[in-house]
Amino acid sequence: MSETLDTLLNRNSHPRLTEPGPDSEQLNLILRSAMRAPDHGRLRPWRFVVISGDRREALGRCFHESLQLRGVSDEAQLAKALSAPLRAPVVIAGLLHAVAHEKISRDEQGHAVAAALHGAQLAADALGFGCVWRTGGYATDPHVVEALGGATGDQVIGFLYVGTREGPSKVLPEEPVESMVRYF
Ligand SMILES: Cc1cc2nc3c(=O)[nH]c(=O)nc-3n(C[C@H](O)[C@H](O)[C@H](O)COP(=O)(O)O)c2cc1C
């Protein structure tokens, strides 16, 4: 089987991640893979923000502020927000930066960003890294989007947490194709 198919057939998420994360050359490959995603009209509706090193603490403070602005006062939740970005050496935020287009909807542009993030996940996997895609209330919070340099109306389609897998990967369940496919 080709290595490409092996990656496609066996990718899975890995939430427990540690150092090292991808270096700049590997990050470049991950981001270039993302940018090969199908993109109707070549609108380039994606923007990527890489957060690593101590900038992850700044992102944690931003998440903390986001919760406070949304009225959360639970100490455990606030503490979790502060440390959330430290769960991987590198976090890549993939933002939807939609443009007005008479035929290509915002939704469709969001699908392109999702495809790009999946491309990034697959590339990270192919390079030997673990990865997990997360969203949560932060993704659509304008406070977080603005802190990431996004424009009004932008939204985070996914935060990809990328790093070296810690512990064993979960066993992928066997899923018969027939259970979700029919032929018309
Ligand atoms: C749009 C999107 C948002 C997600 N958000 C979260 C999240 O906030 N937290 C989380 O634990 N998993 C989230 N996931 C799911 C994980 O990334 C992952 O796909 C899931 O745990 C299943 O594991 P698998 O990818 O190995 O099948 C999200 C997935 C997608 C596609």
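This report walks through the fold, the core, one helix, the ligand shell and a few backbone details of a predicted model.

**The overall fold**

Let us begin with the whole chain. The chain has six helices and five strands. Followed along the sequence, these elements come in the order α-β-α-β-α-α-β-α-β-α-β. Along the principal axes, the C-alpha atoms fill a box of roughly 50 × 50 × 35 Å. Is the chain as compact as a globule of its length would be? What radius of gyration would a compact globule of 184 residues have? The value would be near 16 Å, and the chain has 17 Å, which agrees.

Contacts tell a similar part of the story. Among contacts between residues at least 6 apart in sequence, 81% join residues that are at least 24 apart. As for burial, 28% of the 184 residues count as buried.

**The nonpolar core**

Now to the inside. In soluble globular proteins, nonpolar side chains tend to be buried together. Here, the largest nonpolar core has 38 residues. The residues with the most contacts inside this core are Val91, Ala120, Val156, Leu160, Tyr161 and Val162. Several elements give two or more residues to the core: the helices α2 (24-34), α3 (55-69), α5 (106-126) and α6 (142-147), along with the strands β2 (46-52), β3 (90-96) and β5 (155-165). Which of them gives the largest share? That is α5, with seven residues.

Ala120 is a good residue to look at in the 3D view, as Ala120 lies in helix α5. Ala120 counts as buried because 28 C-beta neighbours lie inside 10 Å. Leaving out residues up to four places away in sequence, Ala120 touches Ile30, Leu31, Ser33, Ala34, Ile92 and Leu160. By contrast, the C-alpha atoms of Ala120 and Glu166 are separated by 20 Å, with the two residues 46 apart along the chain.

**A helix with two sides**

Two of the contacts of Ala120, Ile30 and Ala34, also appear among the buried residues of α2, which are Leu27, Ile30 and Ala34. Seen down the axis of α2, these buried residues fall within an arc of 60 degrees, so they line one face of the helix. Why might such a pattern arise? An α-helix has 3.6 residues a turn, so residues three or four places apart point the same way. The buried residues of α2 pack against β2 and α5. On the other side of α2, Glu25, Asn28 and Arg32 are exposed.

**Around the ligand**

Which residues surround the ligand? They are Asn12, Ser13, Val132, Trp133, Arg134, Thr135, Gly136 and Gly158. By type, this shell divides into two nonpolar residues, five polar ones and one charged one. Strand β4 (residues 130-134) gives the most to the shell, with three residues.

Trp133, a member of the shell, is found in strand β4. Is Trp133 buried, exposed or partly exposed? With 17 C-beta neighbours inside 10 Å, Trp133 counts as partly exposed. Not counting residues up to four places away in sequence, Trp133 touches Ser13, Leu117, Gln121, Gly158 and Leu160. Ser13 and Gly158 from that list also belong to the ligand shell. Between Trp133 and Leu117, which are 16 residues apart along the chain, the C-alpha separation is 8.3 Å.

**Backbone details in the loops**

Finally, some loop residues deserve a look. A cis peptide bond joins Glu19 and Pro20, with omega about -5 degrees. Pro20 sits in the loop between β1 (17-18) and α2.

The loop between α2 and β2 holds Arg42 and also Arg44. Arg42 has a positive phi although it is not a glycine, and Arg44 is likewise a residue other than glycine with a positive phi. Arg42 is exposed, with 8 other C-beta atoms within 10 Å, whereas Arg44 counts as partly exposed, with 13 C-beta neighbours inside 10 Å.

The table gathers the burial counts of four residues.

| Residue | C-beta neighbours inside 10 Å | Class |
|---|---|---|
| Ala120 | 28 C-beta neighbours | buried |
| Trp133 | 17 C-beta neighbours | partly exposed |
| Arg44 | 13 C-beta neighbours | partly exposed |
| Arg42 | 8 C-beta neighbours | exposed |

Technical notes: Residues are numbered from 1 along each chain as its sequence is written. This is a predicted model: local features need pLDDT of at least 70, side-chain atom pairs count only at pLDDT 80 or more; totals for chains, interfaces and linings use all residues. A residue is near a molecule or strand if its C-beta atom, placed from the backbone, lies within 6 Å of it. Helices (H or I, at least four residues) and strands (E, at least two) are DSSP runs, numbered from the N terminus. Ala, Val, Leu, Ile, Met, Phe, Trp, Tyr, Cys and Pro count as nonpolar, Asp, Glu, Lys and Arg as charged, and the others, Gly among them, as polar. A nonpolar core is a set of buried Ala, Val, Leu, Ile, Met, Phe, Trp, Tyr and Cys residues joined through C-beta atoms within 7 Å. A residue is buried if 20 or more other C-beta atoms lie within 10 Å of its own, exposed if 12 or fewer, and partly exposed in between; C-beta atoms are placed from the backbone. The radius of gyration is taken over C-alpha atoms; the globule rule is 2.2 Å times the number of residues to the power 0.38. Two residues are in contact if their C-beta atoms, placed from the backbone, lie within 7 Å. The arc is that of the directions from the helix axis to the C-beta atoms.
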